[in-house]
Amino acid sequence: MPAAVEFRAVSRHFGPASAPVKAVDAVDLTIAEGAFFAMLGPSGSGKTTCLRLISGFESPTAGEIRIFGQDVSATPPHLRNVNTVFQDYALFPHMNVRDNVAYGLMVKGMPRAKRYAKAEEMLALVHLDAYGSRKPGQLSGGQRQRVALARALVNEPRVLLLDEPLGALDLKLREAMQDELKSLQKRLGITFVFVTHDQHEALSMADSLAVFNQGKIAQIGTPAEIYTQPKTRFVADFVGSSNLLPPTLTQSLGGPAKWASLRPETLRLDANGPIAGPVTAIRYLGAGHRISLNAHGHDIAAILPAGSALPEPGTEIRLGFAPEALHIMDEA
Amino acid sequence: MMTAIFPARSLADRLTTLFWRKPKLLLALMLTPPLLWLGVIYLGSLAALLLQSFYSIDEFSGMVVPEFTLKTYAELLRPQNYDIILRTLLMSAAVTLGCAILAFPIAYYAARFAKGRWKAVFYLGIMLPLWSSYLVKVYAWKLILAKEGIITWATDATHTSGILNAILALPVIGGNSLSTSYIGMFAVFTYVWLPYMILPMQAALERVPTSMLEASQDLGATRAQTFRTVILPLAMPGVIAGSIFTFSLTMGDYIIPQIVGNSANFIGMAVYQLQGTAGNIPLAAAFAVIPILIMLVYLALAKRAGAFDAL
Amino acid sequence: MRSDANPNRASLPLKLAAIGGLLFLHLPILLIFLYAFTTEERTYAFPPPGLTTQWFAAAWNRPDIWQALTLSVKVASVATLLAMILGTLVSAAMARASFFGRDQISLLIILPIALPGVITGMSLRSAFGIMDIPFSTLTIILGHATFCIVIVYNNAVARFRRLSGGILEASADLGANAFQTFWHILLPNLGTALLAGGMLAFALSFDEVIVTTFTAGQQATLPIWMLEELIRPRQRPVTNVVALIVFAATFLPILLAYYLTRHGSETAGSGK
C-alpha cells in the first residue's frame, strides 16, 4: 500500500536562482496512511511551505510529491482530494455556517438537500448542530475552528492538513481541542498532517513527527524517539529543554568526545554524582523546582520533584543521573 | 476507495489548471485590457500633446505646420504669455496657502477630538462637498458673490458695507464687485479645493499617537509649544500631500477664471481658447506642457519630503 | 494637570473654527436650494423677493435640457461600466504578489486624475485631431472612462487588500475552480466596494466639465449646458433648477457609496 504523502527530494526555493531563499530544501518524507503526523519547527523553518506543497498552493522547484502514490505535480489545489484547516480558519464571511460547511459539496455539484443533510451531520460531529444559520462573525474562536474542521472533513478528504490549528485558541480550549482532534482522527481514520511550532502539542498529539530546521528535516520519528534520542543539538534544544554538553564535558562525565544531551528531569541530588558546582538560582515551577548550577563554567539545569530537600543558593552540590540518561549525539 | 486526484471535468477545470501552472498568464490576461486602454488612449494622447507642442502654426494661413520646431515654446516667453504663467502660479500658491490655513482646524478637530457620531458627521461633512458637483459649487459662488447677492445683502444689513467697499477698492486684488475681482476668484478656488487639503491633513494627523502629545505635555510643554514642535511637523507631510492637489487643480482650472474674476487670463483658459476659437493647437499644447513640468518638479520635491506616505 | 491644557479636550476657538469650516463647506450648496424657488428672473438678488415652483415646470418643458440630461446619463453609464471592468481587472492584478512594473502601472492609473483635467482634455483633443477622429458621444465616453478607472480601482484595491487571500485559497482547497471562486467568493465580497466605486465614477462622470469641453464637439452634456448658461445667462431660474438636478444626481450616488462601505476600513471616496 502506498504512503499517504511522499516527498522525494522536494525543494521550494524563492527568489533568483543565483541567491535563492531555500524555504524547503531537498526534503524526503513519508507519511503513512492513517497517521497523525506533526510538522514541528520554529517559524521560517519550512514546515508551512511543506503543508502548502501538499495542498498545491506552492509548487516544488525540484523533486516529486506523491499523494497515495499519485504524482500531483500537474494537479491544481481544487482537484486534489486533500483539504486544509487554515490557520486563520478562512471562513467565508458572507455565508452562514451551513453554507460554509456545504461549500465543497456545492461546487462539486451535489444537490442542495443532500449537501445540507451532510453538512448538518458534520456540524453535529463537531458539536455545532444548532449553529447552522449563524454567520462566522457571530461565533467564538473555538467555534470557528470547529466550523473550519467540519468544512474540510465534509469532503471526506484522503488527507487533512491543519495549519497551526490551535494557535489562536486560549490554553484551556486548546487542551480540550487536542483531545477532540485526536479522537476525531481515530474515529474517521483519515490521515492528519498538522503544522505547529508548539512542541507540547506535537509531542502529545502526533503519533509521528518531523522536526524542521532551516528548510530541512532535522529528525523524523515517534514523539518518544524525538524526545529521548534527539539526533542534533537543534532537536534536543527545540523539543523540550535540555542541557547541551560540549564534547569535553561529555568526556569528563565518562562519555565519548561528542555533544550530548541531558534532560533536566533526569538529574537528581547525589552526594557522589559526577556533576559538581555552586547553585546559582532556584526557580519554583509548581510541580517541582528548577535548580541551576555552574559546573566548570557550564550552566546545568536540574528539575527536582516537589518534596525534595532544596539546597541553599550558593552552596556546592553534586548531581547524578542514570547512565542511559546521557544521550550522545552523532552530530559533530 | 476514492482517489487522491479528481479528474478535470470541465473547461473551467482545465483553465484553472492552466492558470495554476502559469500564474503569469492570468496576470497578463487581467492586465492587458486596462493597460491597453490607459497605454494607448491616455499615454498616446499625452504623446500627441507633446508632439503637437513642437509643431507651429503658419501665421498667414492659420494651418498647423507639422514640422519640428521650438518656435512655439519660444512664444511662451512673450510678455503676455509669461504674465499668464506667473499669474497662474501666484494664484495656485495663494489658494494652497488659503486652503492649508482653513483646513487645519477642521482636520485637527476631526482627527483628534471627533468621536463616534461626530466622527461620521465630519467624515460625511468633508466627503460630500468633495464629491458633489464642481460646477454647482462654482455656480453657488456666482450667486454669493454677485453684486445683488447674499454678501452685499449681509453687509448692508450689518452696516459693514464700508469694509466691503474698502476691500474692493484695494489695488490689483480688488475690483468692481466681488465676482469680478481676484479676491472673489481666490475665495471660489479655496472653497472648491478645500476638501482636498483637509483629507490628507487629517490622515497625517490621525497617525500622531495621542500618547505622543501627552508625553509632550507631560514634559512641561505648553499647548503652543506642543503645537509648534510636535503637531505641526507631523502634519507637514499631509499639508504637502494636500498641496499637490490644490496647486495642481488651481493651475489647470479654466472654468472658475472664466466665470468669476476680471477676465485676466490663466493657463487653463489660454489652452482652452487657443485650441478653440484661436485654432492654435501647437501653442495650446505648449501651454499644457507647463503644468505637467511644474507638477513633475512638485511631485519630486513632495516625494523627497515624504508626502506620499500621507496620501 | 493644568485645567486649561487637558490634551483630550478641544479648546473653544478650535471647536468654533472646525465647525465654522464645516459650515463654510456646506452653506453655499444650500443656497442653490433657495435660488431654485426664487421668483426673480433677471438677477441673483438676495433675499429672493418671492418663492415659486414654476421653474421646475419650465425646466421640465425644455427639450434642450432633456437632451443634455439624456446624453449625460448615457455617457456616465457607459463610462462607469467600462471603468468598472477595467478598474476591477487592474485592481485584481495589483492585489496579487508583486511583479515587475507594478509601480509604473499604479502611476499610470493615477495619472489621468493627478494631472489637471485641462491636460487630459487637451491631450485627447490633440490625439483626436492628429488621427482625424470626429467628436461624438464616443469621444466623450473615451475621456470619461479614462479618469473613472482610478475611482473604481481605488475602491476595489482597498477591498482586495482587506480581503484575506485565505478565503480564495480556502475556496480552491474545497474544490472550487477559478470561475466558481470568482462567482461564489470573490464577487460577493467585492460587490459593495465595486458598487461604491461605480457610484462614485458615475457621479464624477455625470458632473465632469473640463475634459468634456475638449472632447464633446457640438454636443452638450448637462454640465456643459450649465457652463454655457453660466457664461452667457439666458434664463437664470431654469439654470438654478438644473443646478439642483445636477447636485442631486451626484449627491445621491455618493451617499449610497458611503453607506455601502461605511463598515469597512476603506470607506469610499477618500481619494477623488
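This tour proceeds through chain A, then chain C, and then a contact between chains B and C.

The model is predicted, so that local features require pLDDT of at least 70 and side-chain atom pairs count only at pLDDT 80 or more, while totals for chains, interfaces and linings use all residues. Residues are numbered from 1 along each chain as its sequence is written, chains are lettered from A and ligands numbered from 1 in the order in which they are written, and side-chain values use heavy atoms, with hydrogens and water left out.

**Chain A as a whole**

Select chain A and display it as a cartoon. Nine helices and 18 strands are assigned in chain A; helices (H or I, at least four residues) and strands (E, at least two) are DSSP runs numbered from the N terminus. Along the principal axes, the C-alpha atoms of chain A fill a box of roughly 75 × 50 × 35 Å. Of the 332 residues in chain A, 52% are buried, where buried means under 20% relative accessible area, exposed over 50%, and partly exposed in between (1.4 Å probe, protein chains only). Contact means heavy atoms within 4.5 Å. Among the contacts in chain A with a separation of 6 or more, 64% are between residues 24 or more positions apart.

**Helices 2 and 3 of chain A**

Next, select residues 97-107 and 112-125 of chain A, which are helix 2 and helix 3. Their axes come within 9 Å and cross at roughly 120 degrees. Axes here are lines fitted to C-alpha atoms, for helices over the stretch in contact, with angles running from 0 to 180 degrees between N-to-C directions. Helix 2 of chain A is therefore oblique to helix 3 of chain A; angles under 35 degrees count as roughly parallel, over 145 as roughly antiparallel, 65 to 115 as roughly perpendicular and the rest as oblique.

Show the side chains at this contact. Helix 2 of chain A contributes A:Val97, A:Arg98, A:Asp99, A:Val101, A:Ala102, A:Leu105 and A:Met106. Facing them in helix 3 of chain A are A:Arg115, A:Tyr116, A:Lys118, A:Ala119, A:Glu120, A:Met122 and A:Leu123. By class, the contact of helix 2 with helix 3 of chain A has nine nonpolar, no polar and five charged residues. In this scheme Ala, Val, Leu, Ile, Met, Phe, Trp, Tyr, Cys and Pro count as nonpolar, Asp, Glu, Lys and Arg as charged, and the others, Gly among them, as polar.

Centre the view on A:Arg98, a residue of helix 2 of chain A. A:Arg98 is buried, with a relative accessible area of 19%. Leaving aside neighbours within four places in sequence, A:Arg98 is in contact with A:Tyr116, A:Ala119, A:Glu120, A:Gly132 and A:Ser133.

**Salt bridges**

The structure holds 17 salt bridges over all chains, each being a side-chain nitrogen of Lys or Arg within 4 Å of a carboxyl oxygen of Asp or Glu. Select A:Glu64 and A:Arg66, whose side chains meet in a salt bridge at 2.7 Å, N to O. A:Glu64 is partly exposed at 23% relative accessibility, and A:Arg66 is partly exposed at 22%. Add A:Glu6 and A:Arg8 to the selection: together with A:Glu64 and A:Arg66 they are linked in a network of salt bridges.

Move to A:Asp270 and A:Arg268, which form a salt bridge at 3.7 Å, N to O. A:Asp270 is partly exposed at 24% relative accessibility, as is A:Arg268 at 41%.

In chain C, select C:Arg62 and C:Asp64; the closest N and O atoms of this salt bridge are 3.0 Å apart. C:Arg62 is buried at 19% relative accessible area, whereas C:Asp64 is partly exposed at 25%.

**Chain C and its helix 10**

Now display the whole of chain C, which has 11 helices and zero strands. Its C-alpha trace spans about 75 × 70 × 30 Å along the principal axes, and 56% of its 272 residues are buried.

Select residues 222-231 of chain C, helix 10, where eight of the 10 residues are buried. Among the buried residues are C:Trp225, C:Met226 and C:Glu229. What covers the buried residues of helix 10 includes helix 6 (134-145) and helix 12 (256-259) of chain B, together with helices 3, 8, 9 and 11 of chain C.

**Between chains B and C**

Finally, select helix 4 of chain B (residues 79-112) and helix 1 of chain C (residues 12-35), which pack at about 110 degrees with their axes 8 Å apart. Helix 4 of chain B is therefore roughly perpendicular to helix 1 of chain C. Residues making the contact include B:Leu102, B:Ile106 and B:Tyr109 of chain B, and C:Leu14, C:Leu22 and C:Phe24 of chain C. The residues of this contact divide into 10 nonpolar, one polar and one charged.
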